[in-house]
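The exercises below are meant to be worked through with the sequence and the model side by side. Try each task before reading the solution that follows it.

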Amino acid sequence: MQELWNITFTDIEYAVQKTNDPVYSLLLQRAYRYRCDFAKRGETAVAAYLDSIGLNDPDEIAPYINFLVPSVSGIRGGEETAKCYPFMWQEATNIMNEDGGVERTETRGAFRSRPISDTLALYLEIRECIPPALRQPDHPRGALVLATVSVERALRMYSTGTYVKHKDRFESTFSRKHWGVTTEEVMISVKKTTSRGWKKIIKAAIPYIKTRKPHHSIPAALEEEREEANGYTRCVDVDSGSDSGSDVIF
């Protein structure tokens, strides 16, 4: 919080305190709102994506969601993880073995699936409102992680084929308690993303800027790092010479 203050108000000295400090409370409130906005955008992006590919039948949606986010548990915790999460990739194809099982999943385009690009666009929209002099040049790692995890959360709401949000508001919250483990693991992949990879990711998100209404709600009918190898920690592209995204400046 202190770092945020120092970066934003370079000419005003202030020591942010965790107790009895209105500035700290306000910053905490804004951080919570920021997280909630990503959760809402993720739900909107997933609903729009499923509609765009023509999936309306619950019997078709359920197996497709199970492919995108292999069922491990309804809410992520410290349980076993899958080797690959196709929703994190622009393209993902299962290669079957002779016995009809999945031998491997071929992937391309880390963090460039349409729902993730759509959700990450929220960060780009917010960034446009910040004076150029105050914009940070670093890659938006935190925003990409939030976009990715919020999309998984939204996809899992369709695991039965129909949109179902947990009846308990606390249990459905996009919080560290429920998504902290996933967030930390996804960050491992994000930290390994190259500059070329970032250009591609930003380029994929740009078309979605301002395509969603702020705080748009989904219709009622839709309504410590761990290096363990799994689908979250291995979402890293092998750079190629094509589609470098070199025309994107960020």
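**Exercise 1.** Does Asp-118 count as buried or exposed, and at what relative accessibility?

*Solution.* The model is a predicted one, and the value to look up is the relative accessibility of the residue. For Asp-118 this value is 1%. Because buried means under 20% relative accessible area, Asp-118 counts as buried.

**Exercise 2.** Find the salt bridge in which the side chains of Asp-118 and Arg-41 meet, and describe where its two residues lie.

*Solution.* Begin with the distance, which is 3.1 Å from N to O for the side chains of Asp-118 and Arg-41. Next, place the residues: Asp-118 belongs to helix 4 and Arg-41 to helix 2, so that the pair links distant parts of the chain, 77 residues apart. Then turn to the accessibility of the partner, where Arg-41 is found to be buried, with a relative accessible area of 6%.

**Exercise 3.** Examine the salt bridge between Arg-153 and Glu-43 in the same way.

*Solution.* The side chains of Arg-153 and Glu-43 meet at 2.9 Å, N to O. Since Arg-153 lies in helix 5 and Glu-43 in helix 2, the pair ties together parts that are 110 residues apart in sequence. Arg-153 counts as buried at 7% relative accessibility, and Glu-43 counts as buried at 7% as well. As a last step, look for salt bridges that share partners, which join Arg-41, Asp-118, Glu-125 and Arg-212 into one network.

**Exercise 4.** How far apart are the closest N and O atoms of Arg-33 and Asp-37, and what separates the two residues along helix 2?

*Solution.* The closest N and O atoms of this salt bridge are 3.5 Å apart. Because Arg-33 and Asp-37 are four residues apart in helix 2, about one helical turn separates them. Their accessibilities can then be read in turn: Arg-33 is partly exposed, with a relative accessible area of 36%, whereas Asp-37 is buried, at 16%.

**Exercise 5.** Which residues touch the most other members of the largest nonpolar core?

*Solution.* This core has 48 residues, and those that touch the most other members are Phe-87, Met-88, Phe-111 and Leu-120. Several helices give two or more residues to the core, among them helix 2 (22-52) and helix 4 (114-128), while helix 5 gives the most, with nine residues. Finally, follow Phe-87 outward: leaving aside its neighbours within four places in sequence, its contacts include Leu-68, Ile-116, Val-151 and Leu-155.

Note on methods:
Residues are numbered from 1 along each chain as its sequence is written. This is a predicted model: local features need pLDDT of at least 70, side-chain atom pairs count only at pLDDT 80 or more; totals for chains, interfaces and linings use all residues. Side-chain values use heavy atoms; hydrogens and water are left out. A nonpolar core is a set of buried Ala, Val, Leu, Ile, Met, Phe, Trp, Tyr and Cys residues joined through side-chain atoms within 4.5 Å. Buried means under 20% relative accessible area, exposed over 50%, partly exposed in between (1.4 Å probe, protein chains only). Contact means heavy atoms within 4.5 Å. A salt bridge is a side-chain nitrogen of Lys or Arg within 4 Å of a carboxyl oxygen of Asp or Glu.
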